[in-house]
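Student: Could you walk me through how to read this structure, one feature at a time? I would like the general idea before each case.

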Amino acid sequence: QVQLVESGGGLVQTGGSLRLSCAASGRTFYPYAMGWFRQAPGKEREFVAAIGWSGSTYYTDSVRGRFTISRDNAKNTVYLQMNSLKPEDTAVYYCAQGKSPYYISYGLALTREYDYWGQGTQVTVSS
């Protein structure tokens with residue numbers, strides 16, 4: 001059984017930084033893409049960033065240049081470094097593990113490409 005456990009959320013002022021972590025267990029980590037999504041109250045879950053097995057990265061336009069996704073295959077962990085945070089970044093952030101090994105595509109922006117999800121961690125950016 002795959003488990004994804006996020007940590008690192010919290011309350012930060014506008015312009016501040018946070019680093020989210022997601023620790024995975026239950027199956028071999030390195031072949032699978034990992035993604036970060038977020039959901040604000042009253043809104044649909046949206047794509048934030050993804051990283052393929054080879055390290056290829058994808059970002060939604062609103063976070064490109066401010067957020068950095070990375071992975072440590074030795075620790076079975078994916079990270080999301082968030083800088084220059086804005087109030088509109090406030091949401092519950094979820095990590096997810098891709099369905100298909102060795103899959104790399106802009107399709108990683110779609111929730112249907114993931115089969116395991118974490119419980120989420122709250123990020124609140126105050127103005």
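**Pocket, salt bridges and cores**

Tutor: Let us begin with open space: the largest pocket has a volume of about 180 Å³. This is a predicted model, in which local features need pLDDT of at least 70 and side-chain atom pairs count only at pLDDT 80 or more, while totals for chains, interfaces and linings use all residues. Residues are numbered from 1 along each chain as its sequence is written, and side-chain values use heavy atoms, with hydrogens and water left out.

Student: How should I read a pocket, and which residues are the closest to the centre of the largest one?

Tutor: Rolling a probe the size of a water molecule over the atoms shows where empty space is left. On a 1 Å grid over the protein atoms alone, a pocket is an open set of points where a 1.4 Å probe fits, with protein on both sides within 12 Å along at least five of seven lines; a lining residue has an atom within 4 Å of a point. Grid points are joined across faces, edges and corners, and the volume is the space filled by probe spheres set on them. Here 13 residues line the largest pocket, and the closest to its centre are Arg-38, Ala-40, Lys-43, Glu-46 and Glu-88.

Student: What is the chemical make-up of that lining?

Tutor: Sort it by residue type: Ala, Val, Leu, Ile, Met, Phe, Trp, Tyr, Cys and Pro count as nonpolar, Asp, Glu, Lys and Arg as charged, and the others, Gly among them, as polar. The lining then divides into 8 charged, 3 polar and 2 nonpolar residues.

Student: How many salt bridges are there in the whole structure?

Tutor: The test is a side-chain nitrogen of Lys or Arg within 4 Å of a carboxyl oxygen of Asp or Glu. A search of the whole structure gives 5. One of them joins Arg-38 to Glu-46, with the closest N and O atoms 2.6 Å apart. Another joins Asp-89 to Arg-66 at 2.8 Å, N to O. That pair links distant parts of the chain, 23 residues apart: Asp-89 sits in the loop between strand 8 and strand 9, and Arg-66 in the loop between strand 6 (57-59) and strand 7. Strands here are DSSP runs (E, at least two residues), numbered from the N terminus.

Student: Which residues are linked in a network of salt bridges?

Tutor: Arg-38, Glu-46, Arg-66 and Asp-89 are.

Student: Are Asp-89 and Arg-66 buried or exposed?

Tutor: Buried means under 20% relative accessible area, exposed over 50%, and partly exposed in between (1.4 Å probe, protein chains only). Asp-89, at 1%, is buried, and Arg-66, at 12%, is buried too. Arg-38 is buried at 5%, whereas Glu-46 is partly exposed at 38%. For another case, take Arg-64 and Asp-61, whose closest N and O atoms are 2.5 Å apart in a salt bridge. Arg-64 is partly exposed at 47%, and Asp-61 is exposed at 62%.

Student: Which residues touch the most other members of the largest nonpolar core?

Tutor: A nonpolar core is a set of buried Ala, Val, Leu, Ile, Met, Phe, Trp, Tyr and Cys residues joined through side-chain atoms within 4.5 Å. The largest one has 26 residues, and Trp-36, Val-48, Phe-67, Ile-69, Leu-80, Met-82 and Tyr-93 touch the most other members. Strands that each supply at least two residues of this core include strand 3 (18-25), strand 4 (34-39) and strand 9 (91-98). The largest share, 4 residues, comes from strand 3. Apart from this core lies another, of 8 residues, among them Phe-37, Phe-47, Ala-50 and Tyr-114.

Student: What does Cys-95 touch?

Tutor: Contact means heavy atoms within 4.5 Å. Leaving out residues up to four places away in sequence, Cys-95 touches Leu-4, Glu-6, Cys-22, Gly-35, Trp-36, Tyr-116, Trp-117 and Gly-118. Cys-95 is found in strand 9 and is buried, with a relative accessible area of 0%.

Student: Where are the residues with positive phi, Asn-76 and Tyr-102?

Tutor: Asn-76, with phi near 50°, is in the loop between strand 7 and strand 8. Tyr-102, with phi of about 65°, lies in the loop between strand 9 and strand 10 (114-117). Asn-76 is partly exposed at 25%, and Tyr-102 is partly exposed at 44%.
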